[in-house]
Amino acid sequence: MRLVLLGAPGSGKGTQATRLREHLQVPHITTGGMLRAAVDAGTPLGLVVGPIMKAGNLVSDELMLGVLEERFAQPDTRNGFILDGYPRNLSQANALDVLLVRIGQPMDLAVQLEVDQELLVDRLAGRAKAEGRADDSPEAVRNRLRVYEEQTAPVVDHYRTQGKLAHLDGVGSLDDVFTRILEAISPYADVG
Ligand code: ADP
């Protein structure tokens, strides 16, 4: 199945995507993870995006589309995928629709994990201590949450309008949230 996870920073997308990958046996495509790998490897892309990510800003749509097109050219995406971190604004959502139609793999479902702002801030502060991610500084976190509200939240409506949105409560144990996701995707899970 072809699935996109939507939710603010700290909403648990990455954690749930990892579990879903095992369950569905399809690749987990995480744009944040791909960019962090480029930064760590010091590639030309990494050198450009490192400072942008550190500040909690969005990388340009043009660069991101290139990253995504390259990823979808890999044969492992042919049996489905879990997309996490893209699209992050309406222009990316439209570009993704065009790309997926072109490769004959339109999105089945967008799963939105809803978590209120206070809990997000707590979770991100906890992760900052545990993982030391460059963009988990208090200032970058505030900016990422603002960018989410301004640019990414409208993407939810994009999928709602297409009748492809599952809006889920992202608060609870990891198992609870995972169970909610499995219920939401069950009508699609057999679709190759
Ligand atoms: P989170 O959801 O916790 O903010 P991600 O790991 O998804 O973190 O993304 C980290 C950073 O990578 C973003 O703040 C942004 O700078 C960059 N990034 C990831 N995906 C995209 C995207 N689709 N468009 C623009 N920038 C992106």
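Where does Gln105 lie? Hold on to that one for a moment, everybody, and thanks for coming. The structure in front of you is a predicted model, so please keep that in mind as we walk through its helices.

Back to my opening question. Gln105 sits in the loop that joins α5 to β4. Is Gln105 buried or exposed? Its relative accessibility is 7%, and buried means under 20%, so Gln105 counts as buried. Who are its partners, then? If we set aside the neighbours within four places in sequence, Gln105 touches Arg2, Thr77, Arg78, Gly80, Phe81 and Leu100.

Let's compare that with another loop residue. Ser137 is found between α6, residues 117-131, and α7, residues 138-161. Here the relative accessibility is 30%, so Ser137 counts as partly exposed. If you like distances, try this one on your screen: from C-alpha to C-alpha, Ser137 and Leu35 are 18 Å apart in space, with their positions 102 residues apart in sequence.

Now to the helices, starting with α1. It runs over residues 13-24, which is twelve residues. From its first C-alpha to its last, α1 reaches 15 Å, close to the 16 Å expected at 1.5 Å a residue. Which residues of α1 are buried? They are Lys13, Gln16, Ala17, Leu20 and Leu24. These buried residues lie on the same side of α1, because the arc they cover around the axis is only 105 degrees. Here is a handy rule for reading such a list: an α-helix has 3.6 residues a turn, so residues three or four places apart point the same way.

What does that buried side pack against? The list has four strands, namely β1 (2-6), β2 (28-30), β3 (81-84) and β4 (109-114), plus the helix α8 (174-185). And just after α1 ends, look for Gln25, which takes a positive phi of about 55 degrees.

Stay with α1 and α8 for a minute. Their axes come within 11 Å and cross at roughly 55 degrees. The two helices are therefore oblique to each other, and their crossing is right-handed. On the α1 side, the residues that meet α8 include Leu20 and Leu24, both of which we just listed as buried. On the α8 side, the partners include Leu174, Val177, Phe178 and Ile181.

Next, α2, covering residues 31-41. Its buried residues are Thr31, Gly32, Leu35 and Ala38. They too share one side of the helix, because their arc around the axis is only 125 degrees. The face turned away from that buried side carries Asp40 and Ala41, which are exposed. Covering the buried residues of α2 we find, among others, β2, α3 (44-54), α4 (61-72) and β3. After α2 comes Gly42, and its phi is positive as well, near 65 degrees.

On to α4. It has twelve residues and spans 16 Å from its first C-alpha to its last, close to the expected 16 Å. Met64, Val67, Leu68, Arg71 and Phe72 are the buried residues here. They fall on the same side of α4, since they cover an arc of only 125 degrees around the axis. On the other side, Glu62 and Glu70 are exposed. What covers the buried residues of α4 includes β2, α2, α3, β3 and α5 (90-102).

That brings us to the pairing of α4 with α5. How do these two pack? Their axes are 11 Å apart, at an angle of about 25 degrees, and that makes α4 roughly parallel to α5. The crossing is right-handed. From α4, the residues in the meeting include Met64, Leu68 and Phe72, and from α5 they include Ala95, Leu96, Leu99 and Leu100. Leu100 may ring a bell, as it is one of the contacts of Gln105.

Last stop: α5 with α7. These axes come within 8 Å and cross at roughly 40 degrees, which makes α5 oblique to α7. Leu90, Ala93, Asn94, Leu96 and Asp97 in α5 meet Gln151, Pro154, Val155, His158 and Tyr159 in α7. Notice Leu96: it is listed among the α5 residues that meet α4, and again among those that meet α7.

That's my tour. Thanks for listening, and I'm happy to go back to any of these helices with you.

Note on methods: Residues numbered from 1 in each chain as written. Predicted model: local features only at pLDDT ≥ 70, side-chain atom pairs only at ≥ 80, totals over all residues. Heavy atoms only, no water. Expected span 1.5 Å × (residues − 1). Buried < 20%, exposed > 50% of the residue type's maximum accessible area, 1.4 Å probe, protein only. Arc of directions from axis to C-beta. Contact = heavy atoms within 4.5 Å. Axes fitted to C-alpha atoms, helices over the stretch in contact; angles between N-to-C directions. Parallel < 35°, antiparallel > 145°, perpendicular 65-115°, else oblique. Left-handed = near helix turned anticlockwise from the far one by under 90°.
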